[in-house]
Amino acid sequence: MLLLTLAFPAGALAQEAGSAPPLRVAQLSPFQSPTPTLSPFNPSQIQPSRALPFVGAPPAAAPSGSAGPAARIPATGRAEGGDPHTILPQPPAGKVAIGMSARFGEKEGLIPRGLIWRVFADRPEASGAYPLVAEAADPAPVFFLSPGGYVVHVAYGLASVARRIVVGEESRREQLVVPAGAVTLHSDVADKPLPAEKVTYDLFEGSFLQGRASSRPYYRGAIPGDLIILPAGDYYVVSTYGDGNAVIQADLAVAPGKVTDATLHHRAGEVTLRLVKVAGGDPLPETQWSIGTPGGDSVKESINAEPTFVLAEGEYTAVARFEGKTYSKVFNVESGKNGSVEVRVGEQVTPDALDTQDGSGD
């Protein structure tokens with residue numbers, strides 16, 4: 001994979017949300033365990049209708065104390081140091097205004113959308129649960145809270161942070177750092193993009209090449225083109241093409257405020273198996289198939305007249321069982337070549353032979 005880093009400020013290439021392409025965005029609830037090119041993170045790509053649950057609109061039923069129309073009441077108290085709250089509103093009697101915002105890093109830009117805020121009491125109820133006091137989906141909400149202790153949790157995709165705050169008698173601003181980036185993944189064979197429905201990705205924390213990778217997936221089942229928002233750090237991705245043995249791994253890095261666009265290059269082909277009585281004849285129904293490696297490892301099995309498998313390039317043996325008899329054939333798979341293997345009834349065929357045609361996996 002080729003790595004290119006573009007050092008632009010986060011959001012420098014922002015587009016209008018209405019012109020952004022459709023994206024699936026991963027989202028994590030609070031307190032859950034959770035050839036690349038690097039480009040500025042553009043949160044405007046997250047479209048409210050298909051991404052985070054509350055993007056662009058408040059929750060359907062906001063608990064008492066959450067930001068609401070009163071948060072727009074003008075009041076004194078101007079912000080400093082790039083805080084979005086130039087003015088904090090006058091809180092209701094007995095409440096204090098707490099203006100929240102989040103950045104990608106200490107020296108990175110503000111996160112302008114896609115945030116989900118939740119405020120919990122810092123002491124559990126008798127049931128052991130921490131009561132939810134307020135929530136909002138604005139990038140910079142103002143919460144009206146009674147004096148006391150709270151835990152403020154903010155989630156941005158699969159990245160999240162929490163901070164305990166103590167609310168006194170005076171309104172103030174709080175700013176959290178959410179060191180998050182994002183990754184989009186694609187795959188190809190022989191420089192031809194693979195269809196999205198034929199590829200899936202699992203992401204793990206750590207480095208596969210350096211031998212310090214987690215054994216549990218951090219995110220499972222991504223598809224090409226997904227925008228996966230992650231905590232900044234090192235990850236490795238497992239790309240699976242089809243349901244055979246075409247599996248590859250690659251390391252990638254996620255930087256705060258940036259999108260890593262990675263393309264993984266598979267070396268594989270699609271093979272259709274046919275058991276026939278004569279060359280070019282109709283395939284026999286309900287044939288039991290198995291594919292093995294020269295070392296004797298089983299790769300795939302099927303009961304089908306014409307099963308199609310995606311296989312990593314290399315040598316294989318196709319074994320067909322029909323009406324109590326077994327037939328076999330040795331064949332080779334070349335990267336980017338899709339083709340068929342015919343096993344003929346009544347003879348044992350063993351030379352390297354694969355009738356192929358150029359294919360991209362379509």
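Two rings of Phe, Tyr or Trp are taken as a pair if their centres lie within 6.5 Å, and the angle between the planes then sorts the pair as stacked (under 30 degrees), edge-to-face (over 60) or tilted (the rest). By this rule, five aromatic pairs are found in the structure, which is a predicted model. One of them joins Phe104 and Tyr156, which is edge-to-face because the ring centres are 6.0 Å apart and the planes stand at 65°. This pair bridges parts of the chain that are distant in sequence: Phe104 lies in the loop between strand E3 (96-103) and strand E4 (116-121), while Tyr156 belongs to strand E7 (residues 148-156), 52 residues apart. Both partners, Phe104 and Tyr156, are buried.

A further aromatic pair, Phe208 with Tyr236, is tilted, with 5.5 Å from centre to centre and 40° between the planes. Here too distant parts of the chain are linked, as Phe208 sits in the loop between strand E12 (199-205) and strand E13 (219-222) and Tyr236 in strand E15 (residues 233-241), 28 residues apart. What is the burial state of Tyr236? With a relative accessibility of 9%, Tyr236 falls under the 20% cut-off and therefore counts as buried. Phe208, in contrast, has a relative accessibility of 42% and counts as partly exposed. Ring pairs join Phe208 and Tyr236 with Phe204 into a cluster.

It helps to place these rings in the overall fold. The protein chain holds 25 strands and zero helices. Of its 362 residues, 44% are buried. The chain exposes about 17,500 Å², and 50% of that area comes from carbon and sulfur atoms.

The strands around the Phe208 and Tyr236 pair can be followed further. An open sheet of four strands runs in the order E13-E12-E15-E16, with antiparallel pairing. Its edge strands, each paired on one side only, are E13 and strand E16 (246-254). From one strand to the next, the twist averages 20°. Within this sheet, E12 and E15 are joined by seven bridges in the antiparallel sense. Leu203 has Val237 of E15 as its bridge partner.

Leu203 also appears among the contacts of Val183, a residue of strand E10 (residues 180-189). Setting aside neighbours within four places in sequence, Val183 is in contact with Leu203, Asp226, Leu227, Ile228, Leu230, Leu252 and Thr260. Val183 has a relative accessible area of 0% and so is buried. How many residues lie along the chain between the positions of Val183 and Lys258, and what separates their C-alpha atoms? The two are 75 residues apart along the chain, with C-alpha atoms separated by 8.4 Å.

Strand E7, home of Tyr156, takes part in a pairing of its own. E7 and E8 run antiparallel and are joined by nine bridges; among the bridge partners, Tyr150 is matched with Ile165 in E8. The two strands form a hairpin with two residues between them, and Gly157 in the turn has a positive phi of about 65°. Ala162 is found in E8, which spans residues 159-167. Apart from residues up to four places away in sequence, Ala162 touches Val151, Val152 and His153. With 49% relative accessibility, Ala162 counts as partly exposed. Ala162 and Arg118 are 44 residues apart in sequence, and their C-alpha atoms are 9.4 Å apart in space.

Ile165 comes up again in the surroundings of Glu174, which is placed in strand E9 (residues 172-177). Not counting residues up to four places away in sequence, Glu174 touches Ile98, Gly99, Met100, Ser101, Arg163 and Ile165. Is Glu174 buried or exposed? At 11% relative accessibility, Glu174 counts as buried.

Finally, a word on confidence. The average pLDDT of the protein chain is 78, and 73% of the residues score at least 70. Among the elements, strand E6 (residues 142-145) has the highest mean pLDDT, 97, and strand E1 (residues 4-5) the lowest, 32. The pLDDT is below 50 over residues 25-81, a stretch with 169 contacts in the model beyond near neighbours in sequence. Residues 350-362 likewise have a pLDDT below 50, and this stretch has 43 such contacts in the model.

Technical notes:
Residues numbered from 1 in each chain as written. Predicted model: local features only at pLDDT ≥ 70, side-chain atom pairs only at ≥ 80, totals over all residues. Heavy atoms only, no water. Buried < 20%, exposed > 50% of the residue type's maximum accessible area, 1.4 Å probe, protein only. Contact = heavy atoms within 4.5 Å. Areas by Shrake-Rupley, 256 points an atom, 1.4 Å probe, with all protein chains shown as cover. Pairing = 2+ DSSP bridges. Axes fitted to C-alpha atoms, helices over the stretch in contact; angles between N-to-C directions. pLDDT = per-residue confidence, 0-100.
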